[in-house]
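This briefing covers a strand arrangement and the helices that pack around it. Please keep the sequence and the structure in view while reading the points below.

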Amino acid sequence: MLYFLRHGLTAYSLTGGYSGTPENDPGLTPEGLDMAKAFAKAYGDHDWTAIFVSPLRRALQTAKPIAMATGLEIQIRDGLKEITYGDWEGKHPNLINQEFHDDYVRWLADPAWNAPTNGERAVDIARRCGRVIEEIEHTYPNGNVLIVSHKATIRIMLCELMGIDVGRYRDRFAMPVGALSIVELADHGPMFHSLCDRSYLPDFLRAIPST
């Protein structure tokens with residue numbers, strides 16, 4: 001069983017700015033840290049087999065409480081990092097639309113084959129994520145594996161697993177901060193058990209508006 005957890009709240013989650021590189025990597029806000037602790041409290045007794053995490057700080061901070069609760073090692077994989085946004089890093093969509101209008105329109109229309117200016121296409125992200133999923137399937141054919149990653153990256157992984165065009169990842173899945181999605185790698189292919197669940201969070205954390 002694969003458990004896909006989006007990291008907790010960051011300042012960029014509140015403003016909608018793009019952040020995909022270690023040089024532009026906001027940590028969790030106090031509320032984001034509370035989300036990570038809430039997940040560990042709710043799922044600390046779960047029968048975990050492994051924890052795979054993006055190398056970006058907000059994902060590592062989200063994974064730390066559950067790793068401490070379970071005693072499992074955090075396995076960092078570059079393939080789980082967020083989209084590299086290139087020249088759009090740190091900028092809000094309104095500004096990007098002004099400065100890189102044509103690229104932005106193409107990316108909105110089909111991010112599978114159109115990248116942010118000097119950034120990554122969804123097909124490239126799907127390829128690197130796919131290698132991590134293959135590693136997990138080979139190394140841990142049974143058991144529950146937690147994958148802590150990012151909004152776009154998780155949506156692209158879910159599209160790939162469910163046979164959905166990765167260019168439609170923004171149109172098919174919401175993915176709020178702290179959202180947990182569960183997919184079983186069953187005999188007849190992947191099967192959803194849960195999508196974007198945040199019931200483990202206290203009401204005040206679920207109520208925080210974010211992107």
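Axes are lines fitted to C-alpha atoms, for helices over the stretch in contact, and angles run from 0 to 180 degrees between N-to-C directions. The model described here is predicted, and in it six strands form an open sheet of mixed pairing, while helices H6 and H7 pack with their axes 9 Å apart.

**The sheet**
- The strand order across the open sheet is E3-E2-E4-E1-E5-E6.
- Strands E3 (74–76) and E6 (189–197) stand at the edges with a single partner strand each, so that one side of each has no neighbour in the sheet.
- From one strand to the next, the twist averages 20 degrees.
- Strand E1, residues 2–6, pairs with strand E4, residues 144–149, in the parallel sense over five bridges, and Phe4 has Ile147 in E4 as its bridge partner.

**Helix H7 on the sheet**
- Helix H7, residues 151–162, lies across E1, E4, E5 (180–186) and E6, and runs at about 150 degrees to E1.

**Helix H6 against helix H7**
- Helix H6, residues 122–139, packs with H7 at an angle of about 75 degrees; because angles of 65 to 115 degrees count as roughly perpendicular, H6 and H7 are roughly perpendicular to each other.
- On the H6 side the contact is made by Ala122, Ile125, Ala126, Arg128, Cys129 and Ile133, and on the H7 side by Thr153, Ile156, Met157, Glu160 and Leu161.
- Classified by residue type, this contact of H6 with H7 has eight nonpolar, one polar and two charged residues.

Definitions and conventions
Residues are numbered from 1 along each chain as its sequence is written. This is a predicted model: local features need pLDDT of at least 70, side-chain atom pairs count only at pLDDT 80 or more; totals for chains, interfaces and linings use all residues. Side-chain values use heavy atoms; hydrogens and water are left out. Two strands pair if DSSP finds at least two bridges between them. Helices (H or I, at least four residues) and strands (E, at least two) are DSSP runs, numbered from the N terminus. Contact means heavy atoms within 4.5 Å. Angles under 35 degrees count as roughly parallel, over 145 as roughly antiparallel, 65 to 115 as roughly perpendicular and the rest as oblique. Ala, Val, Leu, Ile, Met, Phe, Trp, Tyr, Cys and Pro count as nonpolar, Asp, Glu, Lys and Arg as charged, and the others, Gly among them, as polar.
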